[in-house]
Amino acid sequence: MSIFEYNGSAIVAMVGKNCFAIASDRRLGVNLQTVATDFQRIYKIHDKLFVGLSGLGTDAQTLYQRLVFRHKLYQLREERDMKPETFANLVSAVLYEKRFGPYFCQPVIAGLDDDDKPFICTMDFIGAKELAKDFVVAGSASESLYGACEAFFKPDMEPDELFEVVSQALLASVDRDCLSGWGGHIYIVTPDDIKEKILKGRMD
C-alpha cells in the first residue's frame with residue numbers, strides 16, 4: 001500500500017459563479033483500521049483562501065503549520081493577504097524545497113482573487129502544479145471523485161447548487177473507497193460569506 005493511502009483521504013474543490021466549494025471526508029485510519037471520525041483536512045488561511053491536505057496525516061499537519069508561518073510573515077511584510085495564485089506558488093516552493101525528503105501530501109488550494117474570481121489547483125508531493133477551471137481532486141478516493149465530478153459538474157453554479165453537487169459527489173465517491181469516508185466537511189465560500197457544513201456518512 002502506498003504511503004499516501006496509509007491514513008486514507010478524499011478532497012475535492014469545485015468552482016461556481018463567483019464562489020467555490022472545498023470538501024473532504026472525516027476519516028483518519030491506519031490502513032483498514034479506523035482511528036478517528038472527525039479528522040480535519042481542510043484549513044482556512046484567510047477568509048477567501050483554503051487549503052486541503054490529503055496524504056499522510058502527520059505530514060499534513062506539519063505542512064499546514066509551515067504554511068501558516070510563511071503566510072503570517074507575508075502579511076507582516078506586505079500588510080495584505082496572499083492571493084490564491086501566490087499562495088499556490090508558495091506551497092509549490094515549500095514542497096519542492098523538501099523534494100529529497102518530501103512531505104507525503106497532495107495539497108488542494110481554493111480561493112477567490114481580488115476580482116472574486118475562483119481559483120483552484122492541486123499539486124503532487126514535490127510541488128508540480130495542476131491548474132483547473134472546473135474541479136480538482138486528491139486522496140485515496142480520487143479516481144471515483146473524478147468520475148462523480150465529471151458527471152455532476154456544470155459551469156456557473158450558484159452556491160446552493162454547488163453545495164448539492166459537491167456533497168453528492170463526495171458521498172458517492174467515498175462509498176466506493178474503503179480508506180475514506182465517515183461523512184464530509186464542506187466549505188462554500190462566496191465574496192461575502194463562508195458556509196461550513198458537516199455531512200453525515202451513509203453509515204452514521
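**Salt bridges, sheet and nonpolar cores**

Asp 114 counts as exposed, at 61% relative accessibility; here, buried stands for under 20% relative accessible area, exposed for over 50% and partly exposed for what lies in between (1.4 Å probe, protein chains only). The model is a predicted one, in which local features need pLDDT of at least 70 and side-chain atom pairs count only at pLDDT 80 or more, while totals for chains, interfaces and linings use all residues. Residues are numbered from 1 along each chain as its sequence is written, and side-chain values use heavy atoms, with hydrogens and water left out.

Asp 114 has a charged partner: its salt bridge with Lys 83 brings the closest N and O atoms to 3.7 Å. Because Lys 83 sits in the loop between H1 and H2 and Asp 114 in the loop between S7 and S8, this pair ties together parts 31 residues apart in sequence. Lys 83 itself is partly exposed, with a relative accessible area of 36%. Elsewhere, Arg 77, Glu 78 and Arg 80 are joined into one network by salt bridges that share partners. Within it, the closest N and O atoms of Arg 80 and Glu 78 are 3.4 Å apart; both residues are partly exposed, Arg 80 at 39% and Glu 78 at 34%.

A search of the whole structure gives eight salt bridges, each defined as a side-chain nitrogen of Lys or Arg within 4 Å of a carboxyl oxygen of Asp or Glu. One of them joins Arg 66 and Glu 97 at 3.3 Å, N to O. This pair links distant parts of the chain, with Arg 66 in helix H1 (residues 57–78) and Glu 97 in helix H2 (residues 84–97), 31 residues apart. Helices (H or I, at least four residues) and strands (E, at least two) are DSSP runs numbered from the N terminus. Arg 66 is partly exposed at 23%, as is Glu 97 at 47%.

Turning to the strands, an open sheet of five follows the order S5-S6-S7-S8-S9 with antiparallel pairing; two strands are taken to pair if DSSP finds at least two bridges between them. Strand S5 (42–46) and strand S9 (129–132) form the edges, each pairing on one side only. From one strand to the next, the twist averages 20°. Inside the sheet, S7 (residues 105–112) and S8 (residues 118–123) pair over five bridges, and Ala 110 has Ile 120 of S8 as its bridge partner. Strands S3 (residues 28–30) and S4 (residues 33–36) also run antiparallel, joined by three bridges, with Gly 29 partnered by Thr 34 in S4. Two residues lie between the strands of this hairpin, where Asn 31 takes a positive phi near 55°.

The largest nonpolar core (buried Ala, Val, Leu, Ile, Met, Phe, Trp, Tyr and Cys residues joined through side-chain atoms within 4.5 Å) has 40 residues, and those with the most contacts inside it are Val 12, Met 14, Ile 22, Val 166 and Leu 170. Elements that give two or more residues include strand S1 (10–15), strand S2 (20–25), S7 and helix H3 (142–152). H4 gives the most, with eight residues. A second, separate core of 22 residues includes Ala 60, Leu 63, Phe 87 and Val 91. As for Ile 22, neighbours within four places in sequence aside, its contacts (heavy atoms within 4.5 Å) include Val 12, Ile 42, Phe 50, Val 108, Ala 110 and Ile 186.

Definitions and conventions
Axes are lines fitted to C-alpha atoms, for helices over the stretch in contact, and angles run from 0 to 180 degrees between N-to-C directions.
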